[in-house]
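Good morning, colleagues. I should like to take you through the side-chain pairings of one protein chain. Please look at the sequence and the structure as they appear.

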Amino acid sequence: MKKKLAIVLAVALLALSIAACGQSAAPAAEAAPAAEAAAPAAESVKLTVGASSTPHAELLELVKPALAEQGIELDIVIYDDYVLPNTALQDGELDANYFQHTPYLNSFNEKNGTDLVSAGLIHYEPFGIYSKTVAALADLADGATILVPDDESNQTRALLLLAQENLVVLPEGASVENGVSVLDIVDAKGYDIQAAQADAIPSLLANADEGTVAVINYNYALGAGFKTSDALAIEDASGDAAQTYANIIAVRRGDETRAEIVALIAALQDGAVDAYNEQTGAGIVPIS
């Protein structure tokens, strides 16, 4: 009888021991998933920006690492013209673009019914007169062809530069605010002023008759292998040109204060232009 009682007691104690072990293990098993859930992997935010290849896309490449450290994945889409980047931005394909100045943006909005705005000024590109065959403006022959951009804002800028160099006479009061076109020229001084799409001017110049000169947007001049030191003349940047024609980050209205846009502008303004100049010798001017 005693033996049977001892066996019963032993079995009971063993059952209690197993139950106790099972209870102590349960909390540990439940805690493991909770610990894993407490530290989820951080997700980056994608920011898609349209840009001209030179220097804008190259400047954006320089700030990619800094933005990545802030959890922003910068996706750069390169455009070769001045229309599609704004159309894509308005349509929501882009979060921002970087290729234009405010006068061009204002003109584009007016003509296309878009509502794009500047979120910040980044750099200024001096407008210049270039040639493959003319060494100095003093050597420009009578009747020589002068190529200028055909869009409203850049044509105004080009003609003001030609007037600055006494190559044309413009109406009294001609200015950025009032605008001026080749049709408004009072005296072309015998030169043949021809308007063409801005992005096409470098190739037109390369295949033009000897003695032709062209007023070229600096991003296209850089792409064609020109530097400011190659220019026969550049616009006077001591006045309002740098602010008026500063290249901007453009966004849809309301996105100016979006965190990723603010971070992009801060990164570009934090020495990126100076670093780009050191690497390339481009000579563009930072705006801060």
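Let me begin with Asp95, which counts as buried because its relative accessibility is 14%, and buried is the term for values under 20%. Please bear in mind throughout that this is a predicted model. Which residue does Asp95 pair with in a salt bridge? The partner is Arg258, and the closest N and O atoms of the two are 3.2 Å apart. Asp95 sits in the loop between α3 and β3 (96-101), whereas Arg258 belongs to the loop between β10 (247-252) and α9 (259-269), so the salt bridge ties together parts that are 163 residues apart in sequence. Arg258, for its part, is partly exposed, with a relative accessible area of 24%. The pair does not stand by itself: a network of salt bridges links Asp95, Arg258 and Glu260.

Allow me to widen the view to the other charged pairs. In total, the model has 8 salt bridges. One of them joins the side chains of Asp75 and Lys46, at 3.8 Å from N to O. This pair, too, connects distant parts of the chain, with Asp75 in strand β2 and Lys46 in strand β1 (residues 45-52), 29 residues apart. Asp75 is partly exposed at 26% relative accessibility, and Lys46 is likewise partly exposed, at 46%.

A further salt bridge is formed by the side chains of Arg252 and Asp255, with an N to O distance of 3.7 Å. Here, Arg252 counts as partly exposed at 21% relative accessibility, while Asp255 is buried at 18%. These two values lie on opposite sides of the 20% limit, which is why the labels differ.

I turn now to the aromatic side chains. How many aromatic pairs does the structure hold? The count is 6. For Tyr82 and Tyr220, the ring centres are 5.1 Å apart and the planes meet at 25°, so this pair is stacked; the term applies to planes under 30 degrees apart. Tyr82 is found in the loop between β2 (72-79) and α3 (84-90), and Tyr220 in helix α7 (residues 218-223), so the stacked pair ties together parts that are 138 residues apart in sequence. Are these two tyrosines, Tyr82 and Tyr220, buried or exposed? Both are buried. They also belong to a cluster, in which ring pairs link Tyr82, Phe99, Tyr104, Phe108 and Tyr220.

One aromatic ring has a charged partner. The charged end of Arg157 sits over the ring of Tyr245, at 4.2 Å from the ring centre.

Next, a brief look at Ser229, which is placed in the loop between α7 and β9 (233-234). Ser229 is exposed, with a relative accessible area of 65%. From C-alpha to C-alpha, Ser229 and Gly283 are 8.7 Å apart in space, and 54 residues separate them in sequence.

Finally, a word on confidence. The chain has an average pLDDT of 87, and 85% of its residues score at least 70. Residues 1-41 are another matter: their pLDDT is below 50, and this stretch makes 0 contacts in the model beyond near neighbours in sequence. Where pLDDT is low, the predicted coordinates should not be read in detail. I would ask you to keep that in mind when you look at residues 1-41.

Thank you for your attention.

Conventions
Residues numbered from 1 in each chain as written. Predicted model: local features only at pLDDT ≥ 70, side-chain atom pairs only at ≥ 80, totals over all residues. Heavy atoms only, no water. Phe/Tyr/Trp six-rings, centres within 6.5 Å; stacked < 30°, edge-to-face > 60°. Helix = DSSP H or I, 4+ residues; strand = E, 2+ residues; numbered from the N terminus. Buried < 20%, exposed > 50% of the residue type's maximum accessible area, 1.4 Å probe, protein only. Lys NZ or Arg CZ within 6 Å of the ring centre and 35° of its normal. Salt bridge = Lys/Arg side-chain N within 4 Å of Asp/Glu carboxyl O. pLDDT = per-residue confidence, 0-100. Contact = heavy atoms within 4.5 Å.
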